[in-house]
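Welcome to a short set of exercises on one structure and its ligand. Keep the model open as you work through the solutions.

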Amino acid sequence: MNPLAVLSAKEMRAAEQAAINGGVASAALMETAGKQVAEVAKQEWSKRPVAVICGPGNNGGDGFVAARLLAEAEWPVKVVRVCDRETLKGDAKLMADLYEGEVSEFDANALAGVGLIIDAIFGTGLTRPIEGDVKTALEAINAHPAPVLSVDIPSGVSTDEGAVLGFAIQAARTVTFHAKQPAHLLFPGRALCGVVDVVDIGITGEFDAKIFENHPSLWGARFPRPSWMGHKYERGHVMCVSGGPMSTGAARLAAEGALRIGAGLVTMLSPSAAAPVHASHLTSIMLREANTADEIAGHMQDAEKSNLVTIIGPATGVSEQTRDKTLAILNSSAGAVLDADALTSFAGQPDALFDVLRPDDVLTPHTGEFSRLFSVEMKDGGKLDAARAASKKAGCIVVLKGPDTIIAAPDGLAIINSNAPPDLATAGSGDVLAGLIAGLKAQGMGGFEAAAAGVWFHGACGQTIGPGLIAEDLPKAVPSVLRQLLKPLQEQDDGLTSQQGAQQQ
Ligand SMILES: NC(=O)C1=CN([C@@H]2O[C@H](COP(=O)(O)OP(=O)(O)OC[C@H]3O[C@@H](n4cnc5c(N)ncnc54)[C@H](OP(=O)(O)O)[C@@H]3O)[C@@H](O)[C@H]2O)[C@H](O)CC1
Ligand SMILES: [K+]
């Protein structure tokens with residue numbers, strides 16, 4: 001299976017069942033899961049008193065295995081149950097029976113003197129909000145100074161959404177099995193996981209995954225590389241629609257992003273009143289006047305000559321005029337990346353937009369713009385489903401921006417990005433992203449892959465600059481990230497491309 005595949009709780013159960021049908025004993029899977037948890041504890045922490053807190057299901061079963069193996073390794077182990085003994089059944093009961101040490105019920109003294117807590121309370125089987133005595137136990141764990149190692153997922157986090165159901169454990173580290181689940185990548189779940197280890201427990205076989213974690217290995221083979229014999233007209237053309245004289249910076253940031261990522265030509269389409277402002281700033285980016293939707297449509301005829309992709313939205317203003325200009329682009333043969341005001345200009349009448357979008361066009365809303373255009377209230381943890389449904393509804397690629405940006409395609413495929421540092425939440429950063437995506441699309445990448453690559457690049461540029469970042473820095477960081485990405489794999493610096501590097505923040 002692709003190591004970047006992300007499986008839902010239902011898909012995890014199906015993968016587990018397929019392994020069982022293929023002859024692997026379910027108890028063997030649990031034994032390996034618990035063994036891997038014990039191994040991570042031994043690798044990451046020195047020998048110390050450990051409390052293993054076990055819940056009523058198979059997550060608790062994994063905990064009993066880890067407790068047995070740590071006790072065999074002569075760790076001082078204390079097992080604490082947050083369920084009645086009678087609720088344990090199947091493999092979990094078997095593992096509880098195999099544990100020979102004392103098992104106590106959770107109380108105020110349960111964590112006294114421990115230096116590590118293993119959270120094996122709930123995993124993928126959490127079905128309802130945490131409350132009552134269980135909540136009291138989780139609160140005591142979070143209040144205790146010992147680090148927490150969570151089994152599969154921090155208890156209280158919903159697997160498919162990464163939302164907190166009532167209350168959740170804050171882990172220092174989380175060991176998950178076979179593949180990541182959405183909660184390991186979506187906030188707030190991701191922040192509650194700490195460092196995530198994905199370990200093998202003996203599940204084999206192919207799985208038709210629909211969700212992936214963003215990484216160059218998903219799209220690197222199709223990433224455009226300039227060729228010796230090529231010329232600028234073969235590297236695509238990006239046009240950027242500008243706002244008025246007091247709002248020109250956003251379009252310039254997008255244009256610079258497109259040029260830096262390799263588009264052969266970039267042209268600013270500016271209202272006449274704003275053209276002198278652009279003229280005093282632009283050098284390698286060309287400048288043309290375009291005041292009306294008809295004039296925009298006229299420029300779109302360039303699409304016949306080159307692979308033209310047009311960006312509209314950054315500081316173009318929420319107006320009927322922006323709407324008409326957007327429709328002029330969508331009714332031409334130019335590709336489109338629609339951001340910010342171009343999206344909000346269709347709030348209240350989204351069908352006028354959805355009717356003309358083509359499957360390869362890209363929308364890049366942040367959550368506010370998304371809610372306005374798709375008339376949905378964004379809830380904690382609803383992001384992945386919302387982006388996938390929106391992509392289907394709009395019939396094009398949707399990039400729902402945030403610390404855990406989702407890239408969704410109408411056929412249900414989705415990519416979750418995990419390399420963006422918080423420094424990227426700054427004015428103008430999203431404009432550069434629209435430019436990166438358009439620049440890659442103009443060079444021949446499909447909309448979905450261009451969006452994934454653009455989002456990853458944006459994150460990698462953010463990591464390169466780090467604290468103090470302003471949007472103007474992002475296009476300037478593109479060359480160093482490109483140099484890194486286009487190196488042969490064995491020469492790449494892991495800091496930028498490894499999963500772990502991305503996961504640590
Ligand atoms: N995926 C794999 O290949 C393997 C996974 N393993 C581990 O198994 C768990 C999933 O186990 P499961 O038994 O399905 O679920 P949980 O252990 O997470 O919990 C289910 C029990 O919890 C009760 N529950 C649910 N929500 C609450 C709540 N809010 N408050 C109290 N109790 C709750 C639930 O009760 P129901 O009434 O809803 O039935 C269950 O009793 C996975 O995460 C891995 O750790 C295998 O060990 C290895 C293979
Ligand atoms: K857990």
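UniProt positions are given here in the numbering used in this text, feature names are shortened, and annotations may be inferred rather than shown by experiment. This is a predicted model, in which local features need pLDDT of at least 70 and side-chain atom pairs count only at pLDDT 80 or more, while totals for chains, interfaces and linings use all residues. Residues are numbered from 1 along each chain as its sequence is written, chains are lettered from A and ligands numbered from 1 in the order in which they are written, and side-chain values use heavy atoms, with hydrogens and water left out.

**Exercise 1. Find the annotated domains and describe each span.**

Step 1. In an unreviewed entry, UniProt lists residues 215-485 as "domain: YjeF C-terminal". The same kind of look-up gives "domain: YjeF N-terminal" (unreviewed entry) at residues 12-209.

Step 2. Helices (H or I, at least four residues) and strands (E, at least two) are DSSP runs, numbered from the N terminus. Residues 215-485 are 42% helix and 14% strand, with their end C-alpha atoms 11 Å apart. For residues 12-209 the figures are 35% helix and 16% strand, and the end C-alpha atoms lie 10 Å apart.

**Exercise 2. Describe the surroundings of ligand 1.**

Step 1. Counting residues with a heavy atom within 4 Å of the ligand, you should find 20 around ligand 1, with Asn59, Asp62, Gly123, Arg128 and Asp152 the closest.

Step 2. Sort the shell by class: nine residues are nonpolar, seven polar and four charged. Here Ala, Val, Leu, Ile, Met, Phe, Trp, Tyr, Cys and Pro count as nonpolar, Asp, Glu, Lys and Arg as charged, and the others, Gly among them, as polar.

Step 3. Look for polar contacts to the ligand (pairs of N or O atoms within 3.5 Å). Oxygen atoms of ligand 1 lie 2.4 Å from a side-chain N or O atom of Asp62, 2.9 Å from a polar side-chain atom of Asn59 and 2.6 Å from a side-chain N or O atom of Asp152.

Step 4. Which elements give two or more residues to the shell around ligand 1? They are α1 (9-21) and α3 (58-72), and α3 provides the largest share, three residues.

**Exercise 3. Explain how the annotated binding site comes together.**

Step 1. UniProt places "binding site" (unreviewed entry) at Asn59, Asp119 and Ser155.

Step 2. These three gather at one spot, because no two of their C-alpha atoms are more than 9.5 Å apart although they span 97 residues in sequence.

Step 3. Place Asn59 in the fold: this residue belongs to helix α3.

**Exercise 4. Locate two backbone features.**

Step 1. Check omega from Phe187 to Pro188: the peptide bond is cis, with omega near 5°. Pro188 is in the loop between β7 (173-177) and α6 (189-193).

Step 2. Check phi at Asp152: the value is positive, about 75°, although Asp152 is not a glycine. Its loop runs between β6 (148-151) and β7.

How values were computed
A polar contact is a pair of N or O atoms within 3.5 Å; within protein, one must be able to donate a hydrogen and the other to accept it, and residues adjacent in sequence count only if both atoms are side-chain atoms.
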